Amino acid sequence: MYREHWPLVCGYLLRRTRDPHLAEDLAQETFVKATRAFLGRRGGSPAAWLLAIARNVLIDHVRRRRTELPLPDSDELGVPPMDMAGLDVRDALARLPPQHRELLTLVYFEGFSLVEVAAMTGRSPSSVKTAAWRARKAFAEMYGSTI
């Protein structure tokens, strides 16, 4: 399980911390906790289970250190300053059904790949790809009616 899921867990933590050394330390702690909890595991997707543990390890780390994770600059993300078009996007996104809104947020705002979203949700990558296509189509229709 370690060899198969290390890149996913470490990549998740790296995106959250933007510090390769800290991400590796937290990933190691994640696998230690997963090893201890393995007998109590109820089944399901191992990747989703490991990502949930990684999320909790990261939250515990932030609480222990009482530090805030730095937010990237809007220039670094390629995000233009908020203007009317940005408000229209937010408005269209808010009017989408929750499953479409959550999927688009995970992929486009939080930067997860479709494979990672599939692992987190316990769905197949092809079903997530189809759902993302439908969510983009619904967004395009909603955004077109906003303008």
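The legends below describe close-up views of one predicted protein model. In this predicted model, local features need pLDDT of at least 70 and side-chain atom pairs count only at pLDDT 80 or more, while totals for chains, interfaces and linings use all residues. Residues are numbered from 1 along each chain as its sequence is written, and side-chain values use heavy atoms, with hydrogens and water left out.

**View 1. The whole chain has eight helices and zero strands.**
Helices (H or I, at least four residues) and strands (E, at least two) are DSSP runs, numbered from the N terminus. The order of elements from the N terminus is α-α-α-α-α-α-α-α. Of the 147 residues, 30% count as buried; buried means under 20% relative accessible area, exposed over 50%, and partly exposed in between (1.4 Å probe, protein chains only). The accessible surface comes to about 9,800 Å², and carbon and sulfur atoms hold 56% of that surface. Accessible areas come from the Shrake-Rupley method with a 1.4 Å probe; for residues, only the protein chains shown count as cover. Among contacts (heavy atoms within 4.5 Å) between residues at least 6 apart in sequence, 62% join residues at least 24 apart.

**View 2. Tyr2, Trp6 and Phe31 are linked by ring pairs into a cluster.**
Rings of Phe, Tyr and Trp (its six-membered ring) pair if their centres lie within 6.5 Å; planes under 30 degrees apart count as stacked, over 60 as edge-to-face and the rest as tilted. The whole structure holds four aromatic pairs. One of them is the edge-to-face pair of Tyr2 and Phe31, with 5.0 Å from centre to centre and 70° between the planes. This pair links distant parts of the chain, as Tyr2 is in helix α1 (residues 2-17) and Phe31 is in helix α2, 29 residues apart. Tyr2 is partly exposed at 45% relative accessibility, whereas Phe31 is buried at 9%.

**View 3. Tyr12 and Phe112 form a stacked ring pair.**
The ring centres of Tyr12 and Phe112 are 5.8 Å apart and the planes stand at 15°, so the pair counts as stacked. Tyr12 lies in helix α1 and Phe112 in the loop between α6 (98-109) and α7 (114-121), so the pair ties together parts 100 residues apart in sequence. Both Tyr12 and Phe112 are buried.

**View 4. Arg15 and Glu116 meet in a salt bridge.**
A salt bridge is a side-chain nitrogen of Lys or Arg within 4 Å of a carboxyl oxygen of Asp or Glu. Three salt bridges are found in the whole structure. The N to O distance between Arg15 and Glu116 is 2.8 Å. Arg15 is in helix α1 and Glu116 in helix α7, 101 residues apart. Arg15 is partly exposed, with a relative accessible area of 30%, while Glu116 is buried at 11%. Buried residues in α7 also include Val117, Ala118 and Ala119.

**View 5. Two salt bridges join residues of α2 and α3.**
Arg64 and Glu29 form a salt bridge with the closest N and O atoms 3.9 Å apart. Arg64 is in helix α3 and Glu29 in helix α2, 35 residues apart. Glu29 is partly exposed, at 23% relative accessible area. In the salt bridge of Lys33 with Asp60, the closest N and O atoms are 3.8 Å apart. Lys33 belongs to helix α2 and Asp60 to helix α3, 27 residues apart. Lys33 is partly exposed at 31%, and Asp60 is partly exposed at 27%.

**View 6. Arg123 sits in the loop between α7 and α8 (125-146).**
Just after α7, Gly122 takes a positive phi of about 75°. Arg123 is partly exposed, with a relative accessible area of 42%. Apart from neighbours within four places in sequence, Arg123 is in contact with Ala118, Val128 and Ala131. A polar atom of the Arg123 side chain lies 3.5 Å from the backbone oxygen of Ser127. The C-alpha atoms of Arg123 and Ala48 are separated by 9.9 Å, with their positions 75 residues apart along the chain.

**View 7. Met1, Phe38 and Leu39 make a nonpolar surface patch.**
The area of the patch is about 360 Å². Patches are made of residues with over 30% relative accessible area and no salt bridge: like charges are joined within 9 Å, nonpolar side chains (Val, Leu, Ile, Met, Phe, Trp, Tyr) within 5 Å. Phe38 lies in the loop between α2 (20-37) and α3 (46-65) and is partly exposed, with a relative accessible area of 42%.

Key. A polar contact is a pair of N or O atoms within 3.5 Å; within protein, one must be able to donate a hydrogen and the other to accept it, and residues adjacent in sequence count only if both atoms are side-chain atoms.
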